[in-house]
Amino acid sequence: MQKVLIAHPDKNFRYELHKSLVAQKYLVIEADNGGAMFTITKLQQPNFIIAADGMSSLSTEDFLRKLKDVNLSHIPIIVLTTRNNVPRNLLILEMGAKEVLLEPIHENELFFHLRRLNQPFSLNSEKVDNASNSNGSIAREVESRKSVMTTDTENKSAGSSTVRASNSSLLIRQAKCQFCKNETPLKLFTLRTRTMVTEADRFDIECYVNSIGQNEFCDYNLLEVGVCPNCYYASNDFKTFEVLGLRSEETTAFSEFVFTAFKKRSDDLKPLISKCGKTMFTENRSPEDALVAIDLAVYALNFLFNYDRLKYGLTQNEIFQYALKAASIADKANFVDIRNQKYQEAFQLGLMQMALKGELGVRRHSYQMYALSCLFRNKDNIRKYGKELFDALAKPSSTPQLRIKSREYADRAKKYFGWVEDEKHWSS
Ligand SMILES: [Zn+2]
């Protein structure tokens, strides 16, 4: 039986988590301050430590240092924090903690990490983790080749059909393509939680800039579009695939008519496919492959839109985002012509765009269009979208999330494009 130390100042928190861990068949010990945390660790040598950041009488940094001194730094530690302070989290991870989770924590996520940390990392494991259990309790299986006990099941929503990638930041989900129903599962790449530092570029496209802790770096922008190797249906929306292990109601289902029509037009895709390399379906996708994957995804969205304009109206916003993403990938890879062409495409798409998702989507669109207008020095549109941004900031926000987003966009517009926060400027 595995022993877990819960070190947390809050008695109720310890009580609740203690109960849940016992239900998951862990043996639980507790500490309510930093000194006790260290003494108990030394005497009882637990298999895992779950520790609140900022325990009294001993800081997390000192605790990690002292564990090294007594040769106990191999015990995996999950640190719980109440502040999402990225530099501090990185420091803690660099000092040896295995994971930093933001409170309030989700128990399933915590259990997932306990199971994950219980598994020695292996480079050659292509084994499908099929130990699943629908009620979420731990299923155990013995991997006979190595005689290592693994307890790798995920909670229901994450599904159980993951394959380990050789990059430690990635998980591979297996899926069936809804369009061709090919028997061989296709691979969808996902990032493990909290393995990557991201930064938004000038056009509000997420860029992967660094890995966290011991994880390997991965430019997830290159991998996030899943492509069926059989019929070349492609999307970054995994709900449009039949992901193994997900409940069927979580899948966006298409009608038989759509499948048949898509198949008939698959000849159109041949010129696109001829451009992609052998790395397309692996975790080492090249920027060229990623751009083809995006073209395929845009083709699929345009196909759906032309098939039923009313039902698939929202696809136009996704196509706009794909164009910006492609431009960002091309920019990073120094494909200058492709980058310029994709930004031009995005600008034209954005100007025509009618369908937008919610209020947050409108703000993002205003910001992105302001950025594009500046890029192309289009005075009328700089004015139009710049004012939209100003109005969004001046307008009382219905949620804190919207207020933070508006602020973020305004600051970014100032930093990159000389946008001004001045009523006179926008009212004249
Ligand atoms: Zn397919």
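Let's start with one pair: Thr162 stands opposite Arg173 in β9. Keep in mind that this is a predicted model.

That pair belongs to a strand pairing. Strand β8, residues 162–164, runs antiparallel to β9, and 3 bridges join them. The two form a hairpin, with 5 residues between them.

Stay with β9. This strand covers residues 170–176. How much of β9 is buried? 6 of its 7 residues are, so to speak, mostly covered territory.

β9 has further partners. Take strand β10, residues 186–191: it runs antiparallel to β9, with 6 bridges joining the two. Look at Ile172 there; its bridge partner in β10 is Phe189. Then there is strand β15, residues 242–243. Its pairing with β9 is antiparallel too, over 2 bridges. Here Ala175 has Val243 as its bridge partner.

Now to the other sheet on my list. This one is open, has 5 strands and pairs in parallel. The order is β2-β1-β3-β4-β5. Which strands stand at the edges? β2, residues 26–31, and β5, residues 99–102. Each has a single partner strand, so one side of each is left without a neighbour in the sheet. On average, neighbouring strands of this sheet are turned by 20° against each other, direction ignored.

Zoom in on the β2 end. Strand β1, residues 2–7, runs parallel to β2, and 6 bridges join them. One residue to find: Ile6, whose bridge partner in β2 is Glu30. Finally, the helix. α1, residues 11–23, lies across β1 and β2. Its direction is at about 165° to β2.

Definitions and conventions: Residues numbered from 1 in each chain as written. Predicted model: local features only at pLDDT ≥ 70, side-chain atom pairs only at ≥ 80, totals over all residues. Buried ≥ 20, exposed ≤ 12 C-beta atoms within 10 Å, placed from the backbone. Helix = DSSP H or I, 4+ residues; strand = E, 2+ residues; numbered from the N terminus. Pairing = 2+ DSSP bridges. Axes fitted to C-alpha atoms, helices over the stretch in contact; angles between N-to-C directions. Contact = placed C-beta atoms within 7 Å.
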